[in-house]
Amino acid sequence: MFNFFGTHKIGILGDASSGKTVFLTSLLWNLEEGKLRLGATHEPPTDVKIHKLNDQHAFDYAGSKRKCKSSNKWPAKTTSEYSLAKCSYKPHTLLQRDLMFVDIPGERMADLPIWQCFDYAEWSAALLQSWRESDTLSTCMQEYVDLLSHPDTGKEELARAYKRGMRELLRNYIPQISPSTLFFNEGRLESMTDINDDSWLENRSIWRHGDNACDFFPLPPEWEENAPELYISCCKNFNRYKKVIIKPLFSQIEYCDHFIICIDVLGILAQSPGAFLKTKEELEYFFTKITPGFLGKLWNFIGGSQPRVAFVATKSDLVYGANLQHLKDLLEELVKRFVTEKIQFGYFTCTAWMSTKEGQGEARNQAIVNVLEMDENGTPRKVEAVLRCPPLPEEWPDDWDGAEYARFTMDMLPSVINANPPRQTGIDAILNFITGDDKK
Ligand SMILES: Nc1nc2c(ncn2[C@@H]2O[C@H](COP(=O)(O)OP(=O)(O)O)[C@@H](O)[C@H]2O)c(=O)[nH]1
Ligand SMILES: [Mg+2]
């Protein structure tokens, strides 16, 4: 692929529920309705086109829009490995822009070694080695590793120990769960209640392809001779996984020349310091293992554009007043360690879908949201609720109680004011930055 001037492939990366699908829906919708102000002159662009893609991975823009218009629901969860959306427009005084967006589930990044390793044997060795290098990892995987020194251990026993080990990683917020299909499927993470249930875990396949369980886990080289049947089966399923899940996704990522990274800072606060460390580690992984790849692609420079990465703290409508500045400070503090001169970085807070209004009087600086409440007949009714939250810290504390911020993850309806397109703040600036069109 050659990147002509004005043509960009942009990865939208983030963990489940960080707001990727909502962001993309709102971006396209606002663009289509002439509500974005782009280019150096900050005017609505002309010649806007949202392309229909003839691709099994096409982003369901029409479906997302319909769902919101007709039933006041959030856009549906992305179920495919990734999704693609394409649009074009002409900013005032500039040439036409052609943008392809790739919505990338962050959880799949843990499978990067599957993509980068030459084969199953190399992947196995890499994984076993990485567990040895970390105390927490080796503790979590201890039971499984112990079994590996007994070549007569059966497949079921190994699979069970592997799944339990991966569950320990999850509980310890260690983002190295691979194959990621174990707990993450169809764009969402399984519920923690299920995962904690031993019999659920027991029956859970590590990976299913169609109706078939296609489990695999890493084995050391001596198993090839000692347990050839098991070894071959793991090897076969590994190759199939690589072909079906990994290749399509990572080939897309390789061709992205810019990235928008969605980070749910408020969601991290509502969890715990472990979630903070996990996000940091995921980003570290991305910047050490992936960006050098895309930096090496010559066409970035032939196309005349330095790679750009926009860090975005999503759902900023949940906070008001001084909290908004703190949200941005927290984002910057989390990501500033990744800044290098080779990439252009930008920091943004974004409300892709304004769903709150600011409280008045005593509730000033608090977000008012709409929630569904059952009335005495059991009929759901839309009522307003105050999302009362303590002030956000100015910097990340060493420790905190996630329960204090739990309301940031409360279930709310998409918008207080039924807007068409959704009201947003931040998308214009992010798009302008990522295309480089903000420059005079
Ligand atoms: N208040 C508010 N909630 C949002 C916003 N964007 C996303 N959300 C919430 O976050 C959920 C997950 O968003 P989604 O885009 O599906 O996340 P994805 O898994 O990263 O694609 C949505 O269902 C909404 O509840 C926003 O701009 N404002
Ligand atoms: Mg999604």
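Biologist: What share of the 440 residues of the chain counts as buried?
Modeller: The share is 39%, where a buried residue has 20 or more other C-beta atoms within 10 Å of its own, an exposed one 12 or fewer, and a partly exposed one a count in between, with C-beta atoms placed from the backbone. This is a predicted model, in which local features need pLDDT of at least 70, side-chain atom pairs count only at pLDDT 80 or more, and totals for chains, interfaces and linings use all residues. Residues are numbered from 1 along each chain as its sequence is written, while chains are lettered from A and ligands numbered from 1 in the order in which they are written.

Biologist: Why does the radius of gyration of the chain agree with a compact globule?
Modeller: The rule, 2.2 Å times the number of residues to the power 0.38, applied over C-alpha atoms, gives near 22 Å for 440 residues, and the chain has 23 Å, so the two agree.

Biologist: What makes the largest nonpolar core a core, and which residues have the most contacts inside it?
Modeller: Such a core joins buried Ala, Val, Leu, Ile, Met, Phe, Trp, Tyr and Cys residues through C-beta atoms within 7 Å. The largest has 96 residues, with Ile12, Ile260, Ile261, Val312 and Ile430 having the most contacts inside it.

Biologist: Why does this core lie between domain 1 and domain 2?
Modeller: Domain 1 (9-107 + 256-435) and domain 2 (108-249) both give residues to this core, so it lies between them; the bounds come from an automatic or database domain assignment.
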